[in-house]
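Let's take a walk through this structure together, one stop at a time. Keep the 3D view open and turn it as you read.

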Amino acid sequence: MRVYKLATKIAKQENADVKIVQLAALLHDVDDIKLSPDTYVTKKNAVDFMTINKIDGKRIEAVCKIIDEVSFAGTDSVVPDTIEGKCVQDADRLDAIGAIGIARTFAYGGSRGRKIYDPEIKSKMGMNKEEYRNNQDSTSINHFYEKLLLLKDMMNTTERKKLAEHRQVVMQEFLNEFMLEWEGKM
């Protein structure tokens, strides 16, 4: 719901089609490859929802295109070619960073049995889409370096770049403190 609210606010500021942005923000995860690999290609869950709710075909097509473009895919990440896609992508990325991003990282890592940190497991930088998706031997701390700290520079809109800068500082301060404590210096 945070992505939906933020995307709606961004859409209004950017004079984007709010309905398309809201639908894409609401539905961008329902056919995510990690959560629904069987419907990822067809966007069946999103299409079914929009069809039942009598959304016109052009909007369904626009929303499905945004869903394809929104997710982080390492070096293969794309910049959406519509302002609506950029609004949803920025909202999704902002939700992944900062204090909430820190909480999400450890909640997700814990749900997958991922280690919090292991100095023997090095971060893998510059991964493409396939390498990123198949990166099973990582840690929650590595995730900051492999993805989250990269998002600030991937924002599409000026105002969201400013928000991302602040959230970047929050994450960096957390990581600095974590390392001090890990090494027994605090």
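What follows covers helix packing, aromatic rings and two backbone angles.

Before we set off, please keep in mind that this is a predicted model. Let's begin with helices. Two packed helices are described by the angle between their axes and the distance between the axes. Find helix α2, residues 18–27, and helix α3, residues 44–52; their axes come within 10 Å and cross at roughly 135°. That angle makes α2 oblique to α3, because a pair counts as roughly antiparallel over 145 degrees. The crossing of α2 past α3 is right-handed.

Which residues of α2 meet α3? From α2 come L23, L26 and L27, and across from them in α3 are A46, F49 and M50. Sorted by class, the residues of this contact are six nonpolar, with no polar and no charged ones.

Now move along the chain to a second pair of helices, α6 and α9. Helix α6 spans residues 98–111 and helix α9 spans residues 158–182. Their axes lie 7 Å apart, and the packing angle is about 50°. The two are therefore oblique to each other as well. On the α6 side, G98, A99, I102 and F106 make the contact, meeting R167, V170, M171 and F174 of α9. Here the class count reads six nonpolar, one polar and one charged. The charged residue is R167, since Arg counts as charged, and the polar one is G98, since Gly counts as polar.

Two residues of that contact, F106 and F174, lead us on to the aromatic rings. A pair of aromatic rings is described by the distance of the centres and the angle of the planes. The structure holds eight aromatic pairs. In one of them, F106 and F174 sit edge-to-face, 5.8 Å from centre to centre and with 65° between the planes. This pair links distant parts of the chain, as F106 in α6 and F174 in α9 are 68 residues apart. How exposed are these two? F106 has 23% relative accessibility and counts as partly exposed. F174, at 25%, is also partly exposed.

Another ring pair brings together Y117 and F178. Their ring centres are 5.8 Å apart and their planes stand at 85°, so this pair is edge-to-face. Y117 belongs to the loop between α6 and α7 (129–133), while F178 is in helix α9, 61 residues apart, so to speak of another link between distant parts of the chain is fair. Y117 counts as buried at 18% relative accessibility, and F178 counts as buried at 16%. Stepping back, you can trace ring pairs that link F106, Y117, F144, F174, F178 and W182 into a cluster.

Our last stop is the backbone. Most residues other than glycine have a negative phi, and most peptide bonds are trans. K43 is not a glycine, yet has a positive phi of about 60°. Look for K43 in the loop between α2 and α3, the helices where we began. K54 also has a positive phi, of about 55°, and is not a glycine either. This residue is in the loop between α3 and α4 (57–70). Which of the two lysines is buried and which is exposed? K43 is buried, with a relative accessible area of 3%, whereas K54 counts as exposed at 73% relative accessibility.

Methods
Residues numbered from 1 in each chain as written. Predicted model: local features only at pLDDT ≥ 70, side-chain atom pairs only at ≥ 80, totals over all residues. Heavy atoms only, no water. Axes fitted to C-alpha atoms, helices over the stretch in contact; angles between N-to-C directions. Helix = DSSP H or I, 4+ residues; strand = E, 2+ residues; numbered from the N terminus. Parallel < 35°, antiparallel > 145°, perpendicular 65-115°, else oblique. Left-handed = near helix turned anticlockwise from the far one by under 90°. Contact = heavy atoms within 4.5 Å. Phe/Tyr/Trp six-rings, centres within 6.5 Å; stacked < 30°, edge-to-face > 60°. Buried < 20%, exposed > 50% of the residue type's maximum accessible area, 1.4 Å probe, protein only.
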